[in-house]
Structures are given as structure tokens and as C-alpha cells.
Amino acid sequence: RVVNSFKESTFLTISLYNILGSRIFFDSFSMISNEETFKFNLKDLSPGMYFLHLQSDDHKLIRPILRQ
């Protein structure tokens, strides 16, 4: 789940990469308010390490995800 914590609308891209660096998911959209959320399901992923990349106009965040 991704929650918009910005006070104004922002354009956001979400990418998920496997341990080999292959992008396996991508989406981009505008988040209008700080109450808006985006959800995606990880249940179809094979167990392993993944990296979630979130990028807005002026911020970039990378978080590891361990799927067991």
C-alpha cells in the first residue's frame, strides 16, 4: 500500500525489481490528496528479494521487500 504523504498532488511512478534487476511491475499516476492510496498484491510473486522504487517529481525512495 502506498499512501500520498505530500500536501499537494504529485505524479508518482512505482516500479518493482527482482534481485537480478529486471523490472517486473510498473505503474505511474497522479495522486491528488494525502488520503489517496495505491495497492498491489504480492501474492503471485515467487519467494525472494525484491526492490520497490517509488519516485515523485522531486523524491526517490527504494525499499527492499522479502517475499517468503
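**Entry 1: strands β5 and β6.** I looked up the pairing of β5 (residues 48–55) with β6 (residues 60–67) and found an antiparallel arrangement joined by eight bridges. I note that the model is a predicted one. I then examined the connection between the strands: a hairpin leads from β5 to β6 through four residues.

**Entry 2: bridge partners in β6.** I asked which residue of β6 is the bridge partner of Leu 52. I recorded Arg 63 for Leu 52. For Tyr 50, I recorded Ile 65 as the partner in β6.

**Entry 3: strand β2.** I turned to β2 (residues 10–18), which pairs with β5 in the antiparallel sense over six bridges. Within β5, Leu 54 stands opposite Ile 14. I have thus noted β5 in pairings with both β6 and β2.

**Entry 4: the nonpolar core.** I asked how many residues make up the largest nonpolar core. I found 11 residues in all, including Ile 14, Leu 54, Tyr 50, Leu 52 and Ile 65, which appear in my entries above. Among the other members I listed Leu 12, Leu 16, Phe 29, Met 31, Phe 38 and Leu 45. I checked which strands contribute: β2, β3 (23–31) and β5 each supply at least two residues of this core.

**Entry 5: Leu 45.** I looked up the contacts of Leu 45, a member of that core. Leaving aside neighbours within four places in sequence, Leu 45 is in contact with Leu 16, Ile 24, Tyr 50 and Arg 67. Of these, I note that Leu 16 and Tyr 50 also belong to the core.

Conventions: Residues are numbered from 1 along each chain as its sequence is written. This is a predicted model: local features need pLDDT of at least 70, side-chain atom pairs count only at pLDDT 80 or more; totals for chains, interfaces and linings use all residues. Side-chain values use heavy atoms; hydrogens and water are left out. Two strands pair if DSSP finds at least two bridges between them. A nonpolar core is a set of buried Ala, Val, Leu, Ile, Met, Phe, Trp, Tyr and Cys residues joined through side-chain atoms within 4.5 Å. Buried means under 20% relative accessible area, exposed over 50%, partly exposed in between (1.4 Å probe, protein chains only). Contact means heavy atoms within 4.5 Å.
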